[in-house]
Amino acid sequence: MKRLLALAAATCLLLPAAPAHAAPAQPKATVQWIDHRTLAWPKTLGNPTHPHHLRHDSGRFTLTQQPGGLNPAQRAKYPHLATGYDAFRIDAREEEERTALTGRLTAETDDGIETGVQIPGVLDDLYAASATKAHLGPIFRNGRPTLSVWAPTARNVSLELADRTVPMHRDDASGVWSVTGPRQWTGKPYRYAVTVWAPAAGEVVTNHVTDPYSTALTADSESSLVTDLADPALAPPGWQGLRKPKPVPLRQAQIQELHVRDFSVADRTSRHPGGYLAFTDQDSDGMRHLKQLADAGTSYVHLLPVFDFATVPERSADQAVPGCDLAALPADSEQQQACVARTAARDAYNWGYDPLHYTVPEGSYTSDPAGPLRTREFRQMVQGLAHAGLRTVMDVVYNHTAASGQDPRSVLDRIVPGYYQRLLDDGTVATSTCCANTAPEHAMMGKLVVDSVVTWARQYKVDGFRFDLMGHHPKANILAVRHALDALTVAEDGVDGRSIVLYGEGWNFGEVANDVRFVQATQRNMAGTGIATFSDRSRDAIRGGGPFDEDPRGQGFASGLFTDPNGAPQGTPGEQRARLLHDQDLIKVGLTGNLAPYRFTDSAGRSVRGADVDYNGSPAGYAAAPGDALSYADAHDNETLFDALAYKLPQGTPPADRARMQVVAMATAALSQGPALSQAGTDLLRSKSLDRNSYDSGDWFNAIHWNCADGNGFGRGLPPASDNAAKWPYARPLLADAALRPGCGPTTAASAAYRDLLRIRTGEKAFGLATADAVQAAVSFPLSGKDETPGVITMRAGELTVVFNATPNRQEQRVPGAAGTGYALHPVQAAGSDPVVKSASYAADSGTFSVPGRTVAVFKRR
């Protein structure tokens, strides 16, 4: 539980600050109208023997208690209501109920109880069967647009098109309002005027709202644009016949996680710094580096949010810049972060985890945000990545919105108040993600997720999707996405939907934790689906400590625990040794793809399965097949790997040795079964000057420096106080230490060594195995047990033996079963960039592998 609370707190840190226009307090709504016949009434609310009523604008419906409470089907659909609620039956005609839903609803009893009413269940019951089949947003037929929006509780909806208002027609079965116009509507701005009862306002209001299904927007999302994504003018040359690199199955994927602005804003060789078009600059330093990674085996670039988000002014003229000479300030100064913070709310930077419109490219990355050019330039970005040999993954954030209620940045909730957001038992909006949570368990929010993903796949040729906080989605919703993508074909849709990869954060926390409301898309539940979840198990063991530690010096396998202690209070040497050996067990499980059934001997000498190894009270192994779990040593969350090692390695560790430990850490993910992800720039020892949460820290702390002569980002001042001040006492002496700045030698060496490992990983059939049985047969840890060497993992994978030596010293690993068998250093490393690994050797007579300190050596059977 402590870990889950910490995770929820960290999630808050990853998201934007609260909206500037806070909505008024939501009135309580503790009764839930779950279908057109039933209200779920809290057992603690009033005397059940007194008459109960549902009051609406035209009168009230009298309710009858349903013996036994909710029926089995209702309990199955609403498990969180199964025990604490009585059921009351409403006897009214559906037409009366539909009318009642357009006004204020109050549940009351004759003894004075009164509360608001939650309506998502009854809306789904009355409308979803028809509404889920509707085509929403702008749809073009023979050049004529039809605009449609789902607003079943609205009293009226009209279209505000340019400078005139056009009535819309309501379909009673679906609750969809629509209007068809002439070709001349194309390109015009529009909004919907929705007259609706708004509980947050306590009155009927007319909201002027953009289209949730927008395909294009004006600058700063002020209006939607009537835009046909099939318009040839929006397709760059070669778009229709674009040839992508060959699809790579998820279990074999090597992924670079990248923020669009980070990629090029500091790249002096880019002609389009900070934007989509930077990926068309094939000769820039950044694109040349991505090509090198692609040639070595990287298959996907995962883009942090590129949908329309709420926190960045889209016109460059409106974007503030820090008013200080940041480069002139001391490496350990507080002044840089203070200066950056003064303009952070108005600058060009944010990670973008604050969705405004889910299916339109973000405008701040385009050369002209005022129209549909963002569509064309996004497509050019996808083309540029494809020409570099890379497929494109989008980071999508359907689990929350930037705001709710009557906030100006609330889109969904101002059209159908109280439906799209997940409500707690008292009717307030859940914020466990630290923004206004959505409810993909509701039919039309679930439909929006599916429709949006399909649009990105069909219209933008996106090759994969990473779901932020996927555990807040129902498993059924994510499987519906998979099903919809699988139906896309090259002949009909221009893309092969079955080749599109899906993965996400399967964390289990918040109001949905432990499947209390539905079966979640969590690590455990997604096993066997072919949809991967991030594995925090090996991540923590590789780096050391945890992402929420007050003291950031806690060491792990790749940061010197026991074998190179840093002097921090971490227990006795014996305790450190025991913790390190357990970390090695966690990493072994990670190397198998986090397989639950995989059997091996653990460091205590016991025969165990992956599921038997403990990770903070949970099974370390949870996957059913390689590809269910995604390995990583760092991502945009928390400190970069270089910064984590800066805290954890002894301060006197030379830069060359730090670089080698960085490669050891990256190797434990890259050489795992299943997919692996690395934050862009990590192979170049990327630093954010120790910032653990850089979502709003600006270009100064975030930009990637592709040219090693520009440094790696370390020593650019103390990281922003908002998330890092408690660690400043640890950070200050490190940032002031010029000896920790790596320089070009260690930087280029680390990158080249990592690329050598990628070539081995993607060139050997022993990696990326398809089944758990194949992994069990091919992968083993011959020296695992009571006598294994602390800080060293020896893995056999088919004809390969891999030795991960995280200790400072050369280590000999004698594998009796290998004696008499010929092995040699893998040809890639033997002819590769790292002179140190070339000194690794093998003695056939004793089966002994000798590997230098801080080195990963791969040997291949002759």
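## Exercises around Gln256, cavities and helices

**Exercise 1.** Find the contacts of Gln256 beyond its neighbours within four places in sequence, then place the residue in its element.

*Solution.* Start with the contacts, meaning heavy atoms within 4.5 Å. Setting aside neighbours within four places in sequence, Gln256 meets Leu293, Thr298, Tyr300, Val301, His302, Ser678, Gln679, Ala680, Gly681 and Tyr754. Before going on, note that the model is predicted, so local features need pLDDT of at least 70 and side-chain atom pairs pLDDT 80 or more, while totals for chains, interfaces and linings use all residues. Residues are numbered from 1 along each chain as its sequence is written, and side-chain values use heavy atoms, with hydrogens and water left out.

Next, the element: Gln256 belongs to strand β17. Helices (H or I, at least four residues) and strands (E, at least two) are DSSP runs numbered from the N terminus. Finally, Gln256 is buried, because its relative accessibility is 3%; buried means under 20% relative accessible area, exposed over 50%, and partly exposed in between, with a 1.4 Å probe and protein chains only.

**Exercise 2.** Work out how helices α6 and α21 meet.

*Solution.* First find the two helices: α6 covers residues 285-296 and α21 covers residues 744-763. Their axes come within 8 Å and cross at roughly 35 degrees. Such axes are lines fitted to C-alpha atoms, over the stretch in contact for helices, and angles run from 0 to 180 degrees between N-to-C directions.

Then list the partners. On α6 they are His289, Gln292, Leu293 and Ala296, and on α21 they are Ser751, Tyr754, Arg755, Leu758, Arg759 and Thr762. By class, this contact has four nonpolar, four polar and two charged residues. Here Ala, Val, Leu, Ile, Met, Phe, Trp, Tyr, Cys and Pro count as nonpolar, Asp, Glu, Lys and Arg as charged, and the others, Gly among them, as polar. Two of these names should ring a bell: Leu293 and Tyr754 are also among the contacts of Gln256.

**Exercise 3.** Describe the largest cavity and the second largest cavity by volume and by lining.

*Solution.* Begin with the rule. On a 1 Å grid over the protein atoms alone, a cavity is a set of points where a 1.4 Å probe fits but cannot get out, and lining residues have an atom within 4 Å of a point. Grid points are joined across faces, edges and corners, and a volume is the space filled by probe spheres set on the points. By this rule there are nine cavities of 30 Å³ or more.

The largest cavity holds about 170 Å³. Of its 16 lining residues, Arg543, Gly546, Pro547, Glu639 and Lys648 are the closest to the centre. Helices α14 (536-543) and α16 (641-648) each give at least two residues to this lining, whose classes are four nonpolar, four polar and eight charged.

The second largest cavity holds about 90 Å³. It has 13 lining residues, and nearest its centre are Met666, Ala669, Leu677, Ser678 and Tyr754. Two or more residues come from each of β17 (254-258), α17 (655-670) and β32 (676-679). This lining has nine nonpolar residues, three polar and one charged.

**Exercise 4.** How many residues of α16 are buried, and what covers them?

*Solution.* Count first: eight of its eight residues are buried. They are Leu641, Phe642, Asp643, Ala644, Leu645, Ala646, Tyr647 and Lys648. The cover includes α14, α17 and α20 (728-735).

**Exercise 5.** What is the sign of phi in Ser221 and Cys434, and are the two residues buried or partly exposed?

*Solution.* Recall the background: most residues other than glycine have a negative phi. Ser221 has a positive phi near 60 degrees and sits in the loop between β15 (203-209) and β16 (224-225). Ser221 is buried, because its relative accessibility is 9%.

Cys434 has a positive phi of about 75 degrees and sits in the loop between α9 (412-415) and β23 (436-437). Cys434 is partly exposed, because its relative accessibility is 34%.

Notes: On a 1 Å grid over the protein atoms alone, a cavity is a set of points where a 1.4 Å probe fits but cannot get out, and a pocket is an open set with protein on both sides within 12 Å along at least five of seven lines; lining residues have an atom within 4 Å of a point.
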